[in-house]
4 protein chains.
Amino acid sequence: MPKINYISDIAQWEKEFQFSSPVKVRFSETDMFGHLNNTVPFTYFELARIEFFKHIGFMQDWLKTDNETIPVVADLQCDFLQQVFFDETIHVYVKANSVGTSSVDLHYMGKRQNGNICFTGRGTMVQISKKTGKGVPWSDDMKKLMESSVEVRL
Amino acid sequence: MPKINYISDIAQWEKEFQFSSPVKVRFSETDMFGHLNNTVPFTYFELARIEFFKHIGFMQDWLKTDNETIPVVADLQCDFLQQVFFDETIHVYVKANSVGTSSVDLHYMGKRQNGNICFTGRGTMVQISKKTGKGVPWSDDMKKLMESSVEVRL
Amino acid sequence: MPKINYISDIAQWEKEFQFSSPVKVRFSETDMFGHLNNTVPFTYFELARIEFFKHIGFMQDWLKTDNETIPVVADLQCDFLQQVFFDETIHVYVKANSVGTSSVDLHYMGKRQNGNICFTGRGTMVQISKKTGKGVPWSDDMKKLMESSVEVRL
Amino acid sequence: MPKINYISDIAQWEKEFQFSSPVKVRFSETDMFGHLNNTVPFTYFELARIEFFKHIGFMQDWLKTDNETIPVVADLQCDFLQQVFFDETIHVYVKANSVGTSSVDLHYMGKRQNGNICFTGRGTMVQISKKTGKGVPWSDDMKKLMESSVEVRL
């Protein structure tokens, strides 16, 4: 496995995930080289992230038209460890790796049905004000909910 | 060539197109069978249609947040005549085949660089009110602009 | 409901579907008008069609690299009856409406969770030879399997 | 501007790009938040990367069915600096930031028409053997071609 700069101990890192969302590779997501096109895992990250935020109760507010804040993605990265093929089911794991004032560093792990990790990723998401475009701090409750999404680190 | 129910005389039909927009086939738009995935020409229709409506001056208003009306697609169809491959440039032609009270029947033709037609299509678009969701009649000026987009039929 | 040229009796047409595949609307499938982009139902047709062909046992052969035949889409159409929104689950129904020598006319119906039909569609698919590009007739077994996928018409 | 770990001196970094490819934001690439969906810049990276490799003469071989090697993407990342909107033309710049034995670290910069950088990115690409799946070293000529794609660093 290549060195990935956001993972120090892969065994520990993997163990911390609690939440996952399954996704099936679509035919239209393959390319002429015969496997999943490399732009698609970012779509999978988005859908797993949204399921994660629904799970902890954040998404419902963010989707209301009159809500003051929306989440925006500040950066994204993905490391491709194994080729993925049509019709596979990939379990996309999400955790809040670290929580800032108005941002969160989300980590992602894609697992094939045989248990192999096929891709990993991360990205910062910021809660911003629709009006000002500036970061809006998380409430204490929100912070707790995100932190409790990660298995306790001893 | 197969019989296509919205084309009676293909030579005449082809001649009537005046407007076209070029598009280059992306790698991510191919699939594992090695050619353009069949869902993608509808994306090409959308972009050619939008360029067409910008060309005759409609799109600018429809995109304003406070505009009363938006265009919606009522139906779409596509006939695939030839396989299309990565990196080809396709010229996507658009014409207003017939204009109704608040709708228009748009026809599409995709041409490869060698002049062959690779796909044809059509679809009804309706101008609706954002508030009521109901059709809003075209003005006489709008009708004339759409009708003049087709080569005169003698 | 608008008149759709491939549906004569909608109640009867609807009743004939036996197979369906669920799909959840992704955030990346919405557009700036706030609802499902009109190019996406064709992706849903593709995935439901593939599940259908796996269900009746055809897909497995077509995906083998050394298989003589592949299925190609000859045409596709979609009628948009209701706007569809982010995070909805749509049940996409498929049936073999009529079976030709080497082709099949597939019909599609998208249903929201409240039971409303949000879109309908159809499209011809042809089994062709990879070598010659020409249609390869269905075996009798294949015909029977496709025909039995439709509720008996009395 | 946020700190981006693959850019030390942004003014210098920006100056080194020589090659760019324009892309127009499609309607279907926006999402219900009203701007370019965050998964799409990776598609833009892919098309700019391919144009870059055509420009220096690598792509032509990689696309031949009987060619021994293909390029694979090992990782990708993107930093989103400004929201991008429908119908904008983005110039996507590419450079070979550093060349390894069988890999290359490509850097990307997206620029709006007003000259602002809207996103930056990078990703490693590896030339692998189709048979073994292992890295195949660049020839000296290939190395030179990639290195000459970057403005000389003094």
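Copies are superposed here by least squares on the C-alpha atoms of residues with pLDDT of at least 70 in both. I put that at the top of the page since I started with the symmetry. One more note to self: this is a predicted model.

**Entry 1: chain D and chain A**

I looked up how chain D maps onto chain A. A rotation of 180 degrees does it, with 0.0 Å of shift along the axis and an RMSD of 0.0 Å. So I wrote down a two-fold axis, because that is the relation these values describe. Which C-alpha of chain D is nearest the axis? I found Gln77(D), with its C-alpha 2.0 Å from the axis. I also checked the surfaces: 100% of the contact residues of chain D recur in chain A, so the same surface serves both copies.

**Entry 2: chain B and chain D**

Next I tried chain B on chain D. A turn of 180 degrees with a shift of 0.0 Å along the axis lays chain B on chain D, and the RMSD is 0.0 Å. In chain B, the residue that comes closest to the rotation axis is Val23(B), at 5.2 Å by C-alpha. Here too the same surface serves both copies, as 100% of the contact residues of chain B recur in chain D.

**Entry 3: how much is buried**

I stayed with chains B and D and asked how many residues each puts into the contact. I got 16 residues from chain B and 16 residues from chain D. Between them the two chains bury about 1,300 Å², and 54% of that is on carbon and sulfur atoms. On the chain B side, I noted that Arg26(B), Phe27(B) and Phe86(B) lose the most area to chain D; together they make up 38% of what that side buries.

**Entry 4: charges and polar pairs**

Then I went through the interface of chain B and chain D for salt bridges, and the rule finds 6. I jotted down one pair by name: the side chains of Arg26(B) and Glu29(D) meet in a salt bridge at 2.8 Å, N to O. Arg26(B) was already on my page as one of the residues losing the most area to chain D. For polar contacts across this interface, I have 8 residue pairs, both residues at pLDDT 80 or more.

**Entry 5: which elements touch chain D**

Where do the touching residues of chain B sit? Strand S1 (19–24) and helix H2 (41–55) of chain B each supply at least two of them. H2(B) gives the largest share, 7 residues. By class, I listed that side of chain B as 7 nonpolar, 2 polar and 7 charged residues.

Technical notes. Residues are numbered from 1 along each chain as its sequence is written. Chains are lettered from A and ligands numbered from 1 in the order in which they are written. Side-chain values use heavy atoms; hydrogens and water are left out. Contact means heavy atoms within 4.5 Å. Buried area is the accessible area (1.4 Å probe) that two parts lose on being put together, summed over both. A salt bridge is a side-chain nitrogen of Lys or Arg within 4 Å of a carboxyl oxygen of Asp or Glu. A polar contact is a pair of N or O atoms within 3.5 Å; within protein, one must be able to donate a hydrogen and the other to accept it, and residues adjacent in sequence count only if both atoms are side-chain atoms. Helices (H or I, at least four residues) and strands (E, at least two) are DSSP runs, numbered from the N terminus. Ala, Val, Leu, Ile, Met, Phe, Trp, Tyr, Cys and Pro count as nonpolar, Asp, Glu, Lys and Arg as charged, and the others, Gly among them, as polar.
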